[in-house]
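Colleague: Please take one part of this model and go through it closely, with residue numbers. I would like the pairing and packing in one connected account.

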Amino acid sequence: MIRNPPPWPNNCKCAVSITFDMDADSLIHLEHPSDSYRRVSTISMLRYGPEIAIERILNTYERLGLQQTFFIPGWCVRQYPDVVRRIVSGGHEVAHHGYLHENPIGLEPAAQADIIDRGIDAITDVAGVRPRGYRAPLYNFSDHTFDLLVERGFEYDASLMGDDIPYLLSSNQHELVELPSHWGCDDWPPFAHVPDLKYEMPVRAPSAGLQGFFEEFDAVYQWGGLFVPVWHPFVTGRLGRWSQVDRWLASIVEREDVWITTMANIAEYIRLLHRQGKYEPRIDTLPYYSRPVTD
Ligand SMILES: [Zn+2]
């Protein structure tokens, strides 16, 4: 089913990296800049992430001996510095996710560069490490994103959806590891209902919503792929959902043939295999198009 699955380390059958995008209340301030402060209930729902869910998630990871990746907008890093330090002190990775969760599509290159630089500065100041990976807010990797990431020494991107396994993005003699995911592994469609953000979905029961993720994992396990759920602390970190994820994760750890690690470790491993000539990742050359396709 997968043409060229990577040889995962220690004879593991597949790789898993659970990614949490800790957007917190950046979303409401971006969407409603003039009156976000009046929308107290929505802010409380979004703050549930850093205030309540993160500790629960970190406790599960600590019990199971896992290190995972958190993509955090720079504004959230500065707004919730203690939470970020707790994440780092657990051995987890903090990666880049914009500044105030700005949508890169439509931004001029200079404006997008400024946002990326402010995000790098925030993570470096608070977490004490420079981010190695990037996920565009809303997955909106723009036609400038590749160059901006390469210029700043990023090692991987996690915004694209072009494969079931890691691959390389290539442009102008430069390469970046892509660790793809897709909307079927994102928790907004089954669980998020945020009228203030014009996102209204019928919320599914924890078991029904999570079943989709677990089935995605089962296929990845069977065929040797990469499973990257894109979760949000205020969504999947809620009590009913995380109770089930906690049990599921424990069962995966028990198998001992699933490589569960940070995104940075997976990107580094793929680059190493490639450099040593032990594995040839697929290469996607950018840009796909450089002007509107009209005929
Ligand atoms: Zn986000």
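Strands, a helix pair and a loop

Modeller: Ala15 has Leu226 as its bridge partner in β9; as with everything here, this is read from a predicted model. Ala15 and Leu226 form one such pairing, and β1, which covers residues 14-16, is joined to β9 by two bridges, the two strands running parallel. The wider setting is an open sheet of three strands, paired in parallel and ordered β9-β1-β11. β9 (226-227) and β11 (258-260) are the edge strands; each has a single partner strand, so one side of each lacks a neighbour in the sheet.

Next, the helices. Helix α8 spans residues 206-223 and helix α10 spans residues 239-255; their axes come within 9 Å and cross at roughly 40°. Since the oblique class takes angles that are neither under 35 degrees nor in the range 65 to 115, α8 is therefore oblique to α10. The crossing of the two helices is right-handed. On the α8 side the contact is made by Pro206, Ser207, Leu210 and Phe214, which meet Gly240, Arg241, Gln244, Val245 and Trp248 of α10. Sorted by class, the α8 and α10 contact residues are five nonpolar, three polar and one charged.

The loop between α7 (188-191) and α8 holds His193. His193 is classed as partly exposed because 13 C-beta neighbours lie inside 10 Å. Beyond its neighbours within four places in sequence, His193 contacts Glu200, Met201 and Val203. For Val203, 10 residues from His193 along the chain, the C-alpha separation from His193 is 6.7 Å.

Methods: Residues are numbered from 1 along each chain as its sequence is written. This is a predicted model: local features need pLDDT of at least 70, side-chain atom pairs count only at pLDDT 80 or more; totals for chains, interfaces and linings use all residues. Two strands pair if DSSP finds at least two bridges between them. Helices (H or I, at least four residues) and strands (E, at least two) are DSSP runs, numbered from the N terminus. Axes are lines fitted to C-alpha atoms, for helices over the stretch in contact, and angles run from 0 to 180 degrees between N-to-C directions. Angles under 35 degrees count as roughly parallel, over 145 as roughly antiparallel, 65 to 115 as roughly perpendicular and the rest as oblique. A crossing is left-handed if the near helix is turned anticlockwise from the far one by less than a right angle, and right-handed if clockwise. Two residues are in contact if their C-beta atoms, placed from the backbone, lie within 7 Å. Ala, Val, Leu, Ile, Met, Phe, Trp, Tyr, Cys and Pro count as nonpolar, Asp, Glu, Lys and Arg as charged, and the others, Gly among them, as polar. A residue is buried if 20 or more other C-beta atoms lie within 10 Å of its own, exposed if 12 or fewer, and partly exposed in between; C-beta atoms are placed from the backbone.
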